[in-house]
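This briefing accompanies a structural model. It treats the burial of one element, the packing of a helix pair and the chain as a whole.

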Amino acid sequence: MSEGDSNKHTLQHKLLEKQQEARVIRKIVLIVVAVLLIAMTGLIGGGYLYIKSALEPADETDKKAVNVTIPIGSSVSSIASILEEEKIIKDKRVFKYYVKFKNESGFQAGDYKLTPSMELEDIIASLKSGRVITDVVFQIPVPEGIQLTQIAAQVAKHSGYPEKEVLNRMNSKEFISAMQKKYPETVTKEIYGQDIKYPLEGYFYPATYPFYEEKPPLDLILEEMIKKTDEVVKPYADQLEEKNMPVHRFLTMASLIEEEATQSADRQKISSVFYNRISKKMPLQTDPTVLYALGEHKDRVYYKDLEVESAYNTYKVQGLPPGPIANPGSQSLKAAIEPAKTDYLYFLATKKGEVIFTKTLAEHNKAKAEHITNK
C-alpha cells in the first residue's frame with residue numbers, strides 16, 4: 001500500500017468514526033428529548049390533576065364545623081395559610097391563585113365556622129360577607145326557566161312577604177330605577193320597550209339564594225337576583241359587542257331556548273334553529289311564547305291558541321318577542337351567544353324527551369307523524 005493510499009484509508013476511517021459518533025449523539029439526543037417529553041407530559045398531566053384536586057373540598061364527607069379566626073389586616077396569603085392549617089382547604093398556593101384569577105377581594109376579619117366539605121366559592125363568599133354559611137336562616141330556590149310571577153311566589157313562600165307586595169315591588173319604577181343605576185350595563189332602557197309585559201322578566205337569575213336574617217328588606221332579596229344576573233352576563237360582554245347584540249336581546253333569546261329545551265336537549269342546536277329562521281325571515285313559531293302571551297301554563301298548545309293577539313306570539317310576529325319570557329340559566333345563555341352551526345330550521349320534542357332536528361317542513365311533518373301524531 002502506497003503512502004497516499006495509507007493516508008486515504010486513514011481519512012476514510014476517521015470519517016467513518018465521526019459518522020458513527022454523530023449517529024450515537026443523534027440517538028442520545030433523541031432518547032433525551034423523548035424522556036424529557038414524557039417527563040413534561042407527566043408533569044403537566046400530574047399538575048392538572050393536582051390543581052383539579054386542590055380546587056375540590058378538602059374532605060367532602062367532613063361536615064363538622066371548625067372555628068377559624070381571620071385577624072384584622074390579613075392578606076390573602078395569610079388567610080390561605082390559616083385555611084390550610086385548619087384543613088379547610090388542600091393547598092394555600094392554589095387557593096391564593098384561584099382568588100387572584102377570580103379577582104376576589106374584600107375579605108373580612110372575624111370568627112368563622114367553616115367545614116372541610118365546603119366548596120371554595122362558599123368559603124370565599126363567607127369570608128367576603130363576614131357571615132358564617134352555617135348561619136343561613138332561610139334560602140330561596142329559583143329554578144331555571146320559571147317566570148317572574150312564579151319567582152314572586154317563591155320569594156313570598158320563603159321570606160314571609162305577601163306575594164302581591166313582592167310582585168308589585170318587582171315592577172315598581174322606583175326599584176327598577178335603582179337597579180338601572182347600580183347595574184347600568186345589564187339593566188338597560190330596553191326593559192321598557194314597547195309591549196313589554198314585565199320590565200324585569202328574565203333578569204332574576206335562577207340560583208339558590210341564602211339569607212342570614214329572619215326578614216331582610218325585600219329590595220335586598222330581589223337585588224341579589226339582579227346582581228347575580230349582572231355577574232353572569234358580564235363575561236359575555238366582548239362576544240355581545242362583537243355580535244352587536246344588546247343584553248336584553250341576549251336574555252330574550254336565552255329565555256326561548258330555556259323554555260324549549262328538555263333535560264337532554266341540545267340547546268346550541270335549538271339556538272341555531274332560531275337564528276337560522278331569523279336570518280331567513282321566518283317566524284320563530286315557538287309555543288312557549290304563545291303560552292306566555294296567554295298567561296297560562298298548559299301541556300299542549302291548540303290551533304286556536306296560536307291566534308292570540310300579542311307581541312309575544314311568535315306565530316304572528318316576526319323575530320324575537322319584546323323581551324324574555326322566563327329566566328334562563330347558564331347553559332341557555334351560552335347557547336344564545338354560541339349557537340351550533342347547522343342548516344336546521346325545525347325541531348320537535350318527542351314524548352320521551354328526545355329532540356329531533358330537521359331541515360325541511362316535509363322532514364319535520366314526517367317526524368311529527370312518527371313521534372307525535374301517530375303515538
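The cover over the buried residues of helix α13 includes α8, α9 (237–242), α10 (247–260) and α11 (267–279). The model is predicted, with local features requiring pLDDT of at least 70, side-chain atom pairs counting only at pLDDT 80 or more, and totals for chains, interfaces and linings using all residues. Residues are numbered from 1 along each chain as its sequence is written, and side-chain values use heavy atoms, leaving out hydrogens and water.

**Helix α13**
- Within α13 (residues 330–337), the buried residues (under 20% relative accessible area, 1.4 Å probe, protein chains only) are S332, L333, A335, A336 and I337.

**Packing of α6 and α8**
- The axes (lines fitted to C-alpha atoms over the stretch in contact) of α6 (residues 163–170) and α8 (residues 218–233) come within 11 Å and cross at roughly 60°.
- The two helices are therefore oblique to each other, a class for angles outside the ranges under 35, 65 to 115 and over 145 degrees.
- Residues E165, V166, R169 and M170 of α6 are in contact (heavy atoms within 4.5 Å) with L218, D219 and L222 of α8.
- By class, this contact of α6 with α8 has 4 nonpolar, no polar and 3 charged residues.

**Whole chain**
- The chain has 14 helices and 6 strands, taken as DSSP runs (H or I, at least four residues; E, at least two).
- Of its 375 residues, 39% are buried.
- Its accessible surface (Shrake-Rupley method, 1.4 Å probe) is about 22,200 Å², 53% of which belongs to carbon and sulfur atoms.

Definitions and conventions: Axes fitted to C-alpha atoms, helices over the stretch in contact; angles between N-to-C directions. Nonpolar A, V, L, I, M, F, W, Y, C, P; charged D, E, K, R; others polar. Buried < 20%, exposed > 50% of the residue type's maximum accessible area, 1.4 Å probe, protein only.
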